[in-house]
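The following exercises are to be worked with the sequence and the coordinates at hand. Each task is followed by a solution in steps.

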Amino acid sequence: MLKIWSMKQKQQQAENAQPGKKKKVTAAQLRVQKDLSELSLGSTMRTEFPNPDDILNFTLTIEPDEGMYKGGRFHFSFAINQNFPHDPPKVKCTQKIYHPNIDMEGNICLNILREDWKPVLNLNAVIVGLQFLFLEPNASDPLNKEAAEDLKTNREGFKRNVRSSMGGGSVKGQTFERVLK
Amino acid sequence: MDMDGASVNGSPAGMDRKRWTYLDRILNRPGPFTDEEWVPGEPNIESLERMKILGAGGLGCEILKNLALSGFKDIHVIDMDTIDVSNLNRQFLFRQADVGRPKAEVAAQFVEKRVRGVKITPFCGKIQDKDEDYYMQFGMVICGLDSIEARRWINATLVGMVDNDDADTLKPLIDGGTEGFKGQARVILPTMTSCIECQLDMHAPRAAVPLCTLATIPRQPQHCIEWAHIIAWEEERKGNDTLDTDDPEHITWLYQKALARANEFNIPGVTYSMTQGVVKNIIPAIASTNAIVAAACCNEAFKIVTSTNPPLGFPGTNNYMMYTGDDSVYTYTFEHSKKDDCPVCGNLAKNLEVDPNTTLEDFIASLAEKPEAQLKKPTLRTEEKSLYYQSPPSLEEQTRPNLKKKLSELVSDGEQIAVSDPAFQITFKFKLVFKK
Amino acid sequence: MEEPLTETTPPILQDDEKKRKKYDRQLRLWAASGQQALEEAHVLLINSGPGVVGVETLKNLVLPGIGQFTILDSAEVTEADLGVNFFLEPDDVGKFRAERTCALLEELNPDVQGHYNTEPVEYFLTQSSDTHSLRPFTHILVTAPIVPELLADILTHCRATSKPLFYIHCVGFYSVFSVQLPSAFPIVDTHPDPTATTDLRLLTPWPALSALVEEKTRDLDSMNAHEHGHVPYVLIILHFLEVWKQTHDGQVPSNYREKSDFKELVRKGMRINNPEGGEENFEEAIAAVLKSLNPSTPSSAVKEVFDAEECKNLTHDSPHFWVIAHAVSDFYKAHNALPLPGSIPDMKAQSADYIQLQNVYKTKAREDVAEVTLTVRELAKQHGHLAQVDEKEIEAFCKNAAHIKLVRGRPINPAFPGQKLKWGQRAKAAVSALTNPDSLILIHIAFLAFDEFCASHDADALASAPRAPGSQDSEVEFDAEKMTGIANTIIDNLINEAGTRIEEPDYSDIGARVANYVQDIVRAGGGELHNIAALTGGMVAQEVIKVVTKQYVPVDNTCVFDGVGSRTEVLRLGADVSV
């Protein structure tokens with residue numbers, strides 16, 4: 001044990017801090033802080049932190065300015081655990097919406113939130129992915145099968161369904177939340 | 001209380017060494033690889049007996065046995081779990097009658113009874129329940145934890161505790177893990193050598209299947225099980241019950257849901273056991289692999305404390321052993337290098353003396369003038385508080401009022417802050433020391 | 001994970017839910033069939049020295065539920081045992097060590113029966129002349145030191161009865177164990193890496209597969225986006241192989257360049273005018289081209305099985321393995337391919353299409369099994385084979401045919417004092433290990449010298465027990481010198497037997513290195529360190545489990561552990577088999 005310390009003193013770099021008894025910023029916080037500073041939200045997205053001291057939990061609002069979902073306002077909850085970025089952030093849509101890649105429970109089928117997540121990806125990659133879902137809903141790998149079927153077989157009908165669902169109407173017996181601005 | 005009990009553990013160091021005949025040969029005789037300055041005999045016995053050592057996690061049974069029979073006298077053990085019947089095939093200090101009791105307590109009692117003169121102090125709880133004051137009392141920590149999150153936590157804690165002016169603050173961390181016939185043991189000298197965060201890429205992320213595959217085009221029995229687990233449960237039961245993977249009723253429900261779905265898609269192979277394995281992410285575990293890895297860890301602990309032979313983990317030497325036993329036996333022992341940009345040990349906190357009456361705004365301005373790190377657009381936080389965020393706009397707005405506050409209102413003397421800046425890849429850490 | 005072709009494990013545990021729960025974490029490794037094999041085993045430990053490594057090995061066998069164990073050990077518990085052996089209690093001093101360790105090991109698992117015997121080994125071995133006293137046991141563990149003549153007896157019996165034996169050394173920071181397996185030890189269930197087992201036969205599709213390709217890719221160009229993006233990659237590759245063949249004289253791409261061109265052909269078939277800019281199934285196809293367009297040639301391990309005398313010349317009492325191997329070899333000769341394993345990896349596809357494809361593979365695999373079964377039945381009739389080979393065994397063999405392995409057990413050579421050790425065919429390899437600074441062979445040689453030393457030094461005037469080097473403080477240096485001398489002689493003899501020379505400075509370097517290991521071993525005075533005994537007990541237990549279950553691949557045949565560098569090395573040693 002004594003030998004370790006003499007080695008330590010040899011390789012010591014000057015002016016490291018005294019240890020404190022206080023809690024230190026965690027590895028997950030460090031990374032999220034870094035990611036937040038690199039976030040480019042543009043004009044269509046904004047964040048909201050219910051508790052500004054807790055950067056691991058926040059909501060993201062997307063207001064698409066083009067595409068079929070234009071005019072809507074969509075909320076997503078982000079919950080990041082202490083094992084970030086080894087684990088991906090948990091993201092859910094907090095409204096019930098009509099979308100082929102989002103189910104009634106708010107689960108989202110986005111590859112980088114699950115099977116393709118890598119620690120090198122950052123939060124910006126996730127929000128870009130979410131934004132893309134509204135510009136280009138993907139019918140081939142759906143979570144909401146009916147919506148996907150509509151998109152595949154009858155694009156115009158799908159567009160009408162999107163409009164009516166966004167207004168709080170119902171599609172095929174399912175009532176959706178009003179999400180218009 | 002039995003009054004006589006006190007004398008059992010009371011034998012002073014050096015006495016009653018007959019039991020340690022074999023150990024003492026190693027402690028008393030120099031070997032060809034021992035350091036020239038190594039002093040045989042008494043000092044080594046003293047080091048072992050003085051060393052307060054902590055064991056944690058699923059390898060706990062093996063670790064306690066090995067440490068007790070390596071001559072350690074003051075052993076602590078942390079485990080949050082209670083004994084489950086599926087532990088009995090390897091955790092050899094537990095019996096059928098112990099099922100349901102806390103692991104740390106049962107294990108400690110057993111080893112204290114079996115190995116005369118050893119003191120084992122159990123704590124039934126999570127490693128995260130304890131703070132630096134607790135970890136500071138130990139000389140060394142041996143972990144056989146089953147989650148990456150817990151490993152990262154203890155690693156960051158021990159790295160953060162190192163004080164360059166106090167040798168006692170450096171606690172070697174020895175980590176072991178197993179999966180089936182494979183395992184690994186590694187030695188970390190916090191701040192000196194590659195840490196668990198540096199080695200995070202050694203843990204493969206769990207393979208996941210796209211949600212849409214589960215939802216619409218399942219092909220494997222596991223897809224049906226994951227569907228039941230992630231989608232069906234939320235739709236049908238979430239409101240009433242939180243999923244408890246140890247509740248047989250819950251697993252049975254998931255199994256039946258998965259089986260029905262598999263039948264619908266003509267997918268063969270869903271079983272109860274597979275359901276359990278997928279839902280609980282069960283990793284196969286056997287006594288022999290646990291024995292290998294735990295003993296490899298304790299052997300390193302013994303060598304570090306006694307210097308009876310060179311251990312793994314010194315800077316510039318091997319610090320990581322991988323063991324593979326499924327195809328013959330193969331070990332790969334190597335040096336995992338420290339990462340300069342490691343978020344935990346790559347940039348250690350530096351002391352920064354500040355006037356507690358300075359406003360946060362002025363403090364930020366002063367950071368821009370610091371010659372070694374010209375932080376022009378810094379974002380700052382403590383563990384508890386977001387001090388000031390340049391972005392995103394909502395957070396900027398929420399933290400803006402802090403700019404006018406005095407540092408003393410935001411941080412306490414000696415608290416750590418993390419500072420990031422778009423111009424730098426790394427996040428800086430400072431410990432703010434108030435000018436008196 | 002793949003769905004097994006058929007359930008290869010008998011449902012022995014179905015009535016015993018409790019056992020299934022207790023053993024859940026290990027059943028996921030060796031299944032009910034492996035567990036059954038464990039429960040049928042009876043391991044004998046012939047214990048000596050401090051006796052920790054043997055007991056630690058048993059601990060790791062009792063916990064997973066070995067059927068029975070017996071400890072043969074005439075030693076009485078000493079104070080020194082208490083500091084190194086966990087399976088003894090403070091009050092046990094003076095009692096028989098076999099009895100006490102047996103009792104405390106038995107506590108670990110009520111499913112296991114423990115026995116003990118306190119006779120000295122020599123009496124135990126000679127107590128009956130007609131029925132060998134080792135007969136009841138299925139697997140034998142021997143710990144050093146042991147009188148070489150006795151060890152030789154045991155080895156001979158094990159060799160004659162094809163009984164696996166493990167000979168274990170554990171002193172100070174080092175350990176070595178050797179495994180003497182039967183001269184033919186075949187393993188069907190080797191548990192290969194799942195990524196290595198995919199066998200899709202894309203170069204030789206059979207009619208049912210070709211028909212499926214035709215059916216599912218006929219309208220590839222006119223498919224809608226969803227259909228096109230879900231054609232399983234196996235069918236995509238097969239489809240484009242047909243396209244390729246039309247412009248390449250009916251030949252498939254065979255070299256790297258052609259395969260790269262073929263990849264481009266597939267890539268051109270991918271639709272990219274979609275939001276994702278590509279298709280996952282086509283990406284999968286492109287990624288699979290290089291590794292799945294290889295003719296499936298059997299590995300050298302499989303050829304070794306086919307070429308074995310036991311395979312070629314069946315007799316009326318050939319073990320099932322060889323009868324099936326012969327039939328599979330016939331199958332290979334007839335089809336230039338092994339039986340199809342029948343499993344396919346997961347791939348992007350619609351559920352129904354995937355299941356359909358899976359069934360085409362499974363059906364073909366079943367047909368192949370049926371053909372092999374027919375041959376097996378015929379061979380059995382031809383050779384007057386009495387026992388019916390179970391169809392499950394044939395299925396398991398066919399499924400794993402590409403990964404079967406035959407270990408040719410070689411006899412362990414006991415080291416007799418003053419006699420030259422015979423290295424045989426392994427001499428050359430051993431000599432080259434001598435000069436490799438990373439090799440641990442010198443630790444093995446130091447332990448050979450340890451055996452010779454013990455055999456020529458008695459603990460007392462009665463010659464009742466061997467004396468380990470370094471057991472007296474006053475003789476450490478003297479013993480080390482003597483043992484180094486023995487080690488050097490072993491090295492010289494080895495170099496001579498290999499018919500080679502090692503020049504300076506390498507030769508002196510070997511001498512210096514072996515002297516270090518000898519010195520560090522003598523330092524321990526024949527004593528065990530608990531950690532090294534526990535670790536070695538873990539390694540030996542893993543090997544016993546692999547040998548008992550005939551699953552995974554065991555050490556062939558000597559494994560060295562260096563507790564200073566925390567490294568192992570497996571050496572293939574042992575005597576030649578006399579013909």
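A residue is buried if 20 or more other C-beta atoms lie within 10 Å of its own, exposed if 12 or fewer, and partly exposed in between. The model under study is predicted.

**Exercise 1.** Locate B:Thr191 and determine whether B:Thr191 counts as buried or exposed.

*Solution.* Begin with the backbone: B:Thr191 is not a glycine, yet its phi is positive, at about 75 degrees. Next, place the residue in the chain: B:Thr191 belongs to the loop that runs between strand E6 (182-188) and helix H8 (211-216) of chain B. Finally, apply the cut-off: B:Thr191 has 24 C-beta neighbours inside 10 Å and therefore counts as buried.

**Exercise 2.** Carry out the analysis for C:Lys550 and assign its exposure class.

*Solution.* The phi of C:Lys550 is positive, about 50 degrees, although C:Lys550 is not a glycine. The residue is found in the loop between H22 and E9 of chain C. Its C-beta neighbours inside 10 Å number 18, so C:Lys550 counts as partly exposed.

**Exercise 3.** Identify the loops in which the cis peptide bonds ending at B:Pro392 and C:Asn557 are placed.

*Solution.* Consider chain B to start with. The bond from B:Ser391 to B:Pro392 is cis, with omega near -5 degrees. B:Pro392 is placed in the loop between strand E11 (386-388) and helix H14 (393-399) of chain B. Turn then to chain C, where the bond from C:Asp556 to C:Asn557 is cis and has omega near 0 degrees. C:Asn557 lies in the loop between helix H22 (530-549) and strand E9 (558-562) of chain C.

**Exercise 4.** Describe the contact between chains A and B, and state which element gives the largest share of the chain A side.

*Solution.* Count the participants: chain A contributes 53 residues and chain B contributes 68 residues. On the side of chain A that touches chain B, at least two residues each come from helix H1 (2-11), helix H2 (27-37) and strand E1 (45-48). The largest share, eight residues, is supplied by H2(A). Sorted by class, this side of chain A holds 18 nonpolar, 16 polar and 19 charged residues.

**Exercise 5.** Characterise the span of chain A that UniProt annotates as "domain: UBC core".

*Solution.* According to the unreviewed UniProt entry, the feature occupies residues 27-171 of chain A. The C-alpha atoms at the ends of this span are 45 Å apart. In secondary structure, the span is 31% helix and 15% strand.

Technical notes
Residues numbered from 1 in each chain as written. Chains lettered and ligands numbered in written order. Predicted model: local features only at pLDDT ≥ 70, side-chain atom pairs only at ≥ 80, totals over all residues. UniProt positions renumbered as here; feature names shortened; annotations may be inferred. Helix = DSSP H or I, 4+ residues; strand = E, 2+ residues; numbered from the N terminus. Nonpolar A, V, L, I, M, F, W, Y, C, P; charged D, E, K, R; others polar.
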